[in-house]
Amino acid sequence: MKKKQRWSLRLRLSLFFAILLLMTWSIALVWSWLENRAYINEFFDTQQMLFAKRLAAADFGSLTRQLPDTEDLFPKSARVHKGEQEDDALGFAIFDRQGRLLLSDDENGSNFIFAEKGNGFANSRLRGEDDLWRIVWLPSLDGRALVAVGQELDYRADMVLEMLAGQMLPWLLLLPVLLICLAVIVGRELAPLRSVAANLEKRAPADVTPIETEVPAEARPLVRSLNNLFLRVGSLLRRERTFISDAAHELRTPLAGLSIQAQVAQIAKDPAARAHALEQLMAGIKRASRLTDQLLMLFKLESQQDSSQAAPPRQDEVDWAELLTEALAEAQGQVEGKNLQLREDPPAGPAAPAITGNRDLLAILLRNLVSNAVKYTPPGGRIEVALDQRGLSIANSGHQVPAELAPRLGERFFRPPGQREPGSGLGLSIARRIAQLHGLRLVVRIKSDWFEVKVLF
Amino acid sequence: MRILLIEDDPIIGDGLKAGLAALGYAVDWFADGPAGLAAGKSAEYDAAILDLSLPGLDGFDILRQWRGAGLALPVLVLTARSGLEERVEGLNLGADDYLGKPFALEELNARLRALLRRSHGQAAPVLAHGPVSFDPERRQARKNGEEIALSPKETMLLELFLLNKNSVLSKNRIEEKLYPWGEEVMSNAVGVHVHHLRRKLGEDFIKTVHGLGYALGTVPGPTSGAGR
């Protein structure tokens, strides 16, 4: 895939360049042809006119009716340095006023068709031929004769083309060289990109070292973005690694419990002791499954992007009051069992705004906070819940958390010392992460006997 | 053998207590640091099993304080933190052995036995006194090579005497070693167990030191040994 794209850029550049070159050359060619033709016409017209004027100045009284063929007129010796000539392209004729041919070159000139009013240049055909000739008509000085000097137009056109070919051929021959050079240069300029691609291709999936290759300015944003991506992937990988190692570590304790109870059940001789061990084993399994559930939940939450980057996956209109009522109803049994006093403060001011987010996650957030409060309040203690425009607060009395540990609550697996209640140290982390995903802030405050968790809207 | 177990996890603690009791140890279990620290200082234990992550007080802190107070109790550290650094730190702080979670009860037992052997300055795994020998690992007593059936408490008592060959053991000390906290002790329990041991191993095996307690009897002769 990468290889194909890499080649196509080079190929396309070369192709575009070749097409552009051919187009500009075509225009240049047409232009050049027009210029050359005008030049050739001017040049030959001048020559013809000069020749005609010479003839017109001659004394026609002494003319024989026809000159011998010019080919035989001069001795061979005079024709050694004859140059490159094509003399059958030129011809002349002299007519009297009545149109009788007085004199001609006995070749083409004799076929000139007499034009009585002829004066100056005119294009016409010769007798018995299809080719167009350019003929200049000029009356002689004595007025008795009409001089005509003509040249075949094809000859001129051929000459123009020959001139053009002479100019253009070197360019045409150099075109492949040009294209090859272009391909090589483009290839060389793209080499850093190829090296980046090769680097990416052989890179190990977990390798997040930035790309150091020097690349052209145009490709620098791409490499910079890639390096930024590596940075983010790296931090994600680190987070996941820490998470996995933490999780494995945390699973050891429940596993040790299961293992020890299973062994006790195995060696117990007393049926009551064995029954007790099996009961403990079951409790341990329940605890381990709960821990794995919470780990999975947290892992899923951790791998989601922050709210600043992407919205939580589902967008429901969620009413805080409704969620809170549900969470409290769920904890009702325990509240009564522990004989806790639950007080809901009436909202001070306008009601809490609805939030757009994932309803299930927000329900878990509230459930975790409420169940924490219920769990860590000693029997007969108090729980106070307040919901208003600014936030939701759940506070409980009789906690045993030293105030200086408040900032560490919500760290994964962190449990303040002195906890008698079973727990994984993940509940608040999950709540905090859910809050984060919804762009909310979770604050823990400890004031003497009161432990308060606030969700700030 | 009285073992101090400091472990905050209810399931592990409960299992260890039950498992070690089944293996013939008297176990006191504390689930939080400060209580465990105090217990280690106040009662006479043969060894301690110490979890590192404890509520209230870290296992390392307990170890540091014990060693600082000159307590030579053999300590086996039990932890989910099995990193090299932690192991080294634990051993440097005076832990005698290290066991990572999860672990097999058998291994814990073997390591505990090794610790106890070392702390009693005894290299051979089998204890012997005159015609009586005792294998602490198998909890098996023999007299003249013949197996003698003993109750768990009698076994513990025999082991206690064999590990303290040259000292007189007071009734209180014996009670402390045989019974963990919370277990009911009848007023003459020690006397009853000693009586049973004498009946099974010979009247001279344990002598009464009046006003002080009990001690091992003198061995009949240098030529008479275990398994003859």
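Colleague: In chain A, what share of the contacts between residues at least 6 apart in sequence join residues at least 24 apart?
Modeller: The share is 64%. The model is predicted, and a pair counts as a contact here because its heavy atoms lie within 4.5 Å.

Colleague: How many helices and strands are there in chain A, and how much of the chain is buried?
Modeller: Chain A has nine helices and twelve strands. Of its 457 residues, 36% are buried.

Colleague: What makes β3(A) and β4(A) a pair of strands?
Modeller: Pairing takes at least two bridges. Strand β3 (residues 120–125) and strand β4 (residues 132–139) of chain A share six bridges, in the antiparallel sense, so by that cut-off they pair. One of the bridges joins A:Ala122 to A:Ile135 in β4(A). The two strands form a hairpin with six residues between them. In that turn, A:Gly128 has a positive phi of about 75 degrees.

Colleague: Which strand of chain A also pairs with β4(A), over seven bridges?
Modeller: That is strand β5 (residues 145–152), and the sense is antiparallel. Seven bridges against a minimum of two: therefore β4(A) and β5(A) count as paired too. A:Leu138 stands opposite A:Val147 in β5(A). This is again a hairpin, with five residues between the strands, and A:Gly143 in its turn has a positive phi of about 80 degrees.

Colleague: Why is β4(A) called mostly covered?
Modeller: Six of the eight residues in β4(A) are buried. Each of those six is called buried because its relative accessible area is under 20%.

Colleague: In chain B, why do β6 and β9 stand at the edges of their sheet?
Modeller: The sheet is open and has four strands in the order β6-β7-β8-β9, with antiparallel pairing. β6 (127–129) and β9 (146–148) each have a single partner strand, so one side of each has no neighbour in the sheet. On average, neighbouring strands in this sheet are turned by 25 degrees against each other, direction ignored. For β6(B), the partner is strand β7 (residues 132–135), over three antiparallel bridges. B:Leu127 has B:Phe134 in β7(B) as its bridge partner.

Colleague: How do you know that α3(B) is roughly parallel to α4(B)?
Modeller: Two packed helices are described by the angle between their axes and the distance between the axes. Helix α3 (residues 59–68) and helix α4 (residues 84–92) of chain B pack at about 20 degrees, with axes 10 Å apart. Angles under 35 degrees count as roughly parallel, so α3(B) is roughly parallel to α4(B). Their crossing is left-handed.

Colleague: Which residues of α3(B) and α4(B) meet?
Modeller: From α3(B) come B:Phe60, B:Leu63 and B:Arg64, and from α4(B) come B:Glu86, B:Glu89 and B:Gly90. By class, this contact has two nonpolar, one polar and three charged residues. The polar one is B:Gly90, because Gly is counted among the polar residues.

Colleague: Why does B:His193 count as buried?
Modeller: Its relative accessibility is 12%. The cut-off for buried is under 20%, so B:His193 counts as buried. B:His193 is in helix α8 (residues 189–201) of chain B. Leaving out residues up to four places away in sequence, B:His193 touches B:Lys153, B:Glu154, B:Leu157, B:Leu178 and B:Tyr179.

How values were computed. Residues are numbered from 1 along each chain as its sequence is written. Chains are lettered from A and ligands numbered from 1 in the order in which they are written. This is a predicted model: local features need pLDDT of at least 70, side-chain atom pairs count only at pLDDT 80 or more; totals for chains, interfaces and linings use all residues. Side-chain values use heavy atoms; hydrogens and water are left out. Axes are lines fitted to C-alpha atoms, for helices over the stretch in contact, and angles run from 0 to 180 degrees between N-to-C directions. Angles under 35 degrees count as roughly parallel, over 145 as roughly antiparallel, 65 to 115 as roughly perpendicular and the rest as oblique. A crossing is left-handed if the near helix is turned anticlockwise from the far one by less than a right angle, and right-handed if clockwise. Buried means under 20% relative accessible area, exposed over 50%, partly exposed in between (1.4 Å probe, protein chains only).
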